[in-house]
Amino acid sequence: MELLHAGIDSYLQELLPDRDAIFLEMERYAAGEEFPLVGPQVGHLLEILARSVEAESVIELGSGFGYSALWFARAMLDGDRLIQTDMKEENAGLSKSFFEKAGFGNLYDFRVGDALQVLEQEEGHFDIIFNDLFKEHYPRVIDLAYKRLRPGGLLISDNTLWRGRVLEQQPDGKTRGVLQFNQALKEHRGFLTVQLPLRDGVSLSYKV
Ligand SMILES: C[S@@+](CC[C@H](N)C(=O)[O-])C[C@H]1O[C@@H](n2cnc3c(N)ncnc32)[C@H](O)[C@@H]1O
């Protein structure tokens, strides 16, 4: 199911500012591999949010080959902490070459393994935790993210409308993961959450 009227979606695409060629290259690569990316609309949102909270420490849960991370990088400075995670080794090398090509090699820090284990083991608190894991893992994110965010920090999660499958009568395991996650965030007293119907749905949760 498309969440937005096709005409409105094209109009939103037209309103996007031009983006650097590296993003277009990554988008072409992803299209060839059928790899799911946040895309430019959500990418801009990530950069704006990181700039808004003056993020100095960001961790991504599920970085793929670094596209969403590169949007965060644009808002960050030398010496800031931008941790990428992915369970697939090959994504680490791809991300490294895209980061270097984009001139952000200084912010490249990629951990291969289970993202939630990395989050658990990492020292200190984060300004932003970006969640784009496989959807069946989503319910495991909330308590850990709450512990590892600073007050005023943001948990940002992609695909929270899951192509409209959240409305299905007999949801599969991934959809149940998203449904449980959305409901738990709604009920969590330590987060203020809003669901944005942008692209495939993005939730923003502010740690009170
Ligand atoms: C949707 S893609 C990420 C796309 C990326 N955020 C972007 O927009 O550029 C999801 C990625 O999460 C990784 N992943 C899923 N569950 C994971 C887990 N528990 N630990 C580490 N990586 C995981 C997958 O290997 C995949 O590359």
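In the predicted model, T193 stands opposite S205, a residue of strand β7. This pair belongs to the region where strand β6, spanning residues 191-196, runs antiparallel to strand β7, spanning residues 202-207, the two being joined by six bridges. Together, β6 and β7 form a hairpin in which five residues lie between the strands, and within that turn R199 has a positive phi of about 50°.

The hairpin is also touched by a residue of a helix, for Y146, which is found in helix α7 (residues 141-148), is in contact with F191 and K207, as well as with H188 and G190, when its neighbours within four places in sequence are left aside. F191 lies within the range of β6 and K207 within that of β7. The relative accessibility of Y146 is 28%, and the residue therefore counts as partly exposed, since the buried class is reserved for values under 20% and the exposed class for values over 50%. With respect to a position elsewhere in the chain, Y146 is separated from K101 by 45 residues in sequence and by 34 Å in space, taken from C-alpha to C-alpha.

Other residues of helix α7 are buried, namely V141, I142, L144, A145 and R148. In an α-helix there are 3.6 residues a turn, so residues three or four places apart point the same way. The buried residues of α7 pack against strands and helices alike: the strands are β1 (57-61), β4 (126-131), β5 (149-158) and β6, and the helices are α6 (115-121) and α8 (173-187). Strand β6 thus appears both as a packing partner of the buried residues of α7 and as the strand paired with β7 in the hairpin.

Turning to the protein as a whole, the model contains eight helices and seven strands. Its radius of gyration is 16 Å, close to the 17 Å that the globule rule gives for 208 residues, so the protein is as compact as a globular protein of that length. The C-alpha atoms fill a box of roughly 45 × 40 × 30 Å along the principal axes. Of the 208 residues, 50% count as buried, and among contacts with a separation of 6 or more, 70% are accounted for by residues 24 or more positions apart.

As for the surface, the protein exposes about 10,500 Å², of which 52% is supplied by carbon and sulfur atoms. The charged side chains comprise 22 positive and 33 negative ones, and the centres of these two sets lie 4 Å apart.

Methods:
Residues numbered from 1 in each chain as written. Predicted model: local features only at pLDDT ≥ 70, side-chain atom pairs only at ≥ 80, totals over all residues. Heavy atoms only, no water. Helix = DSSP H or I, 4+ residues; strand = E, 2+ residues; numbered from the N terminus. Rg over C-alpha atoms; globule rule 2.2 N^0.38 Å. Buried < 20%, exposed > 50% of the residue type's maximum accessible area, 1.4 Å probe, protein only. Contact = heavy atoms within 4.5 Å. Areas by Shrake-Rupley, 256 points an atom, 1.4 Å probe, with all protein chains shown as cover. Lys, Arg positive; Asp, Glu negative; His and termini not counted. Charge placed at Lys NZ, Arg CZ, Asp CG, Glu CD. Pairing = 2+ DSSP bridges.
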